[in-house]
Amino acid sequence: MNGMRQGWLVARREILERSRSKAFRSGIVIMLVVVIAAIVVPAMIKAGPVSRDVGFTGTTPATLADTVIDQGKAVDVTVRPHYYGGVAAGEKALRGHDVAVLVVDAHRLTWLGKPDERLRAIVTGAIQLVTVQQRAAAAGIDPGQLHAVMAPVPVESKELGLVAGRSPDNEAAATVMSMLLFMAIILYGNLVLTGVAEEKSSRVVEVLLARMPARNLLAGKVAGIGLLGFGQFAVTALAALVAALAVDSVDIPAVSGGVLAWVVAWFVLGYAMYAMAYGALGSLASRTEDASSVAGPVSYVLVAAYWAAYMAVASNPDSAGSKLVSLFPVTAPFAMPGRIALGAAAWWEPVIATALTVAAIAGLAVLAGRVYTGAILHTGPTLKLREAWSATTRPGPRAAEPPARRTGTPMRTPRALTAKMTTTAKANLAMSPRTTAEVIVGAGIGAAVGLVTGEVFLGLLAASAFIAGITLIVKTWTSHGKST
Amino acid sequence: MWMLGFDGVTKRFGSLTALDGCTFAARPGRLTGFLGPNGAGKTTAMRAVFGLVELDAGTIRWRGMPVSAAERARFGYMPEERGLYPRMRVRDQLVYLGQLCGRGAKDTGRSVDGWLERLGLADRAADRLDALSHGNQQRVQLIAALVGDPVLLVLDEPFAGLDPIAMDAMGALLSEVAAGGVTVLFSSHQLDLVQDLCQDVVIIEHGRIVLAGELAELRAKVPQRSVEIRYRGPAPDWSQLPSVTVVAATDGQARLRAGRDTDLAAMLATVQDRADIVSFAYQPPTLSELFREAVAA
């Protein structure tokens, strides 16, 4: 039976069973209602007051009403004038909400309560204009001349934004996307966590593992919940888009298709990485109630990674720190999409970051699989990570091998054993082709990081971290394979 | 031909040796009882068949070859700790488990419907598992082990917690499955039941196999026979019989242990000297006795 089919069956079960649950369905409905309301309600509030009724009474210049209408038009407010025979009739209309303001004798504005600042600016502006025109006419100034004198000076507004060369729109898009990614990873990562803990506490896991390897089960679970989560997000985003288009008043952020594709890719990468860690830790808890406390470390790392990425990228997406956090797998899912949205990343940076994150996920899958296998059939109190780890180490026949790998100093040993040890040590000194390849790739990554960040130290750090990581993974992997 | 074979299987948990060079086999078409006191290593051995524990040494073979993942998918397993998805519907759950064994959805569906019908659960197919009674959940768990159309069935304490009627039904079902050519290995503490049901037994103690083989043969091989006599009249003089030891003697009833080659006629004559025989039984030791002896040794 092939692993892909088993993984798919596990994923399909997750999707079908979870989407069937009442909690999931009501969750989607609530989310849709909230998102649509968040878009439609402000638009309706904004759309409501674009027309205003203005009352006039007493001595009013003939041109005033038209000027008020013109002034309103300039700022997208439709003004409807009403005339009243006396102040009392005008005030009655004001109290009856027939008008928003009453203009008395063209120099006093009466409001029902607090003045509407925008309307006041429109009306006072009109009164000033009409008065100036009247006085100019009285002083014998030619209206044409007056018009030239009064011609408005164009005043330009510019939104500077935090970073030179990028608009605040891009920044908002980047921040919102990183935040959505963070929320999605927390939300769906925790579903993986509780799902694993539930399978362990209901003991169904033993029936499942008798039929398939732990990695198929874990991978299928992570994939199923991920697809479901992605679908949920896609539906919500679509609803938001439709709502925004329908009310036609909210600006849809100008995010290009390429940026969106990267955001989706980073959702997949970030979710896969953190969900794997959540799944491994979920297997440590014997009861579902213990799951979230067991997963504490992952949640702390997740929050810290998000803030580190946010602080670095929001302050300056081009800084060495930003480049580093967008390449480092733990922070990359929160830093790289933002940098891509801001146009701060060169084309090859996301490619390298993706490769590093994929490598980290592969390594994590091996480690998580081992912890999961060691812990999932354990009953009783919550396991410690180290106990789960060593539950799968088998001393067995391999412990009987000569300890040449760890002996640094030669000891007094019988001649035959010494000879054997020396040959093993020699074999260890000569680098295998695999080790050579690891060192070369590590040096390449180190050089790349060094060049990008302009810091030799960071390059060395990245290179050694890569070599150490890959050696550990290979070692775990081969020791795993040998004994099965 | 042996189907399932343990070959020097060893598993250590830290300083505890759970399985210590276990070597035994189970044959197709027969029921093999896997016996041993609590903590002897039965569950670990059964988990090892499914790769749920990684061995320190030894191999578990199927048809003489180390067990592969593909073969494992054709093995049915009922773990000691029962458990399925509590909120999943019975039929969906069983079809899912059958598909994980590599069977197609339609094929599995037919087989699940057949088993549900057979075990009287057809009307509960669309219910959530946790809506079922304890006994019915046990039945679903048994179907979960059978749904992959297994060639080997391993059951850890399948009779635990069953009422006498359900026990009979389970026993009949296992015999029927074995008769279909399936290799069946199950653990139990109910030795009388195992004696009635199984053709082969394996006894494990402290991780070591202390006795294994065909039950009838093992019983016949033991040099002692147990004798049970009921009589009317004064107690016979047992000391006249050289190869007989008295296990228990009360008024009108005696349990003796005798050698395999005891002269039955002489024994009967000795009793009849002084009393009238009401009943007389001369038979190899029961599985219970075999077990106590093997485990005590």
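Colleague: What makes up the secondary structure of chain A?
Modeller: In this predicted model, the secondary structure of chain A comes to 19 helices and four strands, where helices (H or I, at least four residues) and strands (E, at least two) are DSSP runs numbered from the N terminus. Local features need pLDDT of at least 70 and side-chain atom pairs count only at pLDDT 80 or more, whereas totals for chains, interfaces and linings use all residues. Residues are numbered from 1 along each chain as its sequence is written, while chains are lettered from A and ligands numbered from 1 in the order in which they are written.

Colleague: What span does helix α12 of chain A reach, set against the one expected?
Modeller: Helix α12(A), residues 296-315, has 20 residues and reaches 28 Å from its first C-alpha to its last; the expected span, 1.5 Å times one less than the number of residues, is 28 Å too, and the helix is close to it.

Colleague: Which residues of α12(A) are called buried, and what makes them so?
Modeller: They are Val298(A), Leu302(A), Ala305(A), Tyr306(A), Ala309(A), Tyr310(A), Ala312(A) and Val313(A), and each is called buried because 20 or more other C-beta atoms, placed from the backbone, lie within 10 Å of its own. In chain A as a whole, buried residues make up 34% of the 484.

Colleague: What makes Met276(A) stand out in the largest nonpolar core?
Modeller: Of the 156 residues in that core (buried Ala, Val, Leu, Ile, Met, Phe, Trp, Tyr and Cys residues joined through C-beta atoms within 7 Å), Met276(A) and Ile143(B) touch the most other members. Helix α10 (residues 257-282) of chain A gives the largest share, 15 residues. Beyond its neighbours within four places in sequence, Met276(A) is in contact (C-beta atoms within 7 Å) with Val222(A), Ile361(A), Leu364(A), Ala365(A) and Ala368(A).

Colleague: Why are β2 and β5 of chain B said to stand at the edges?
Modeller: Four strands of chain B form an open antiparallel sheet in the order β2-β1-β4-β5, and two strands pair if DSSP finds at least two bridges between them. Strands β2 (16-26) and β5 (65-66) each have a single partner, so one side of each is left without a neighbour in the sheet. Inside the order, five bridges join β1(B), residues 4-13, to β4(B), residues 57-62, and one of the partnerships is that of Leu4(B) with Trp62(B).

Colleague: How many residues of chain A are in contact with chain B, and which elements give two or more?
Modeller: 22 residues of chain A are in contact with 24 of chain B, and the elements of chain A giving two or more are α1 (3-20) and α8 (204-209).

Definitions and conventions: Buried ≥ 20, exposed ≤ 12 C-beta atoms within 10 Å, placed from the backbone.
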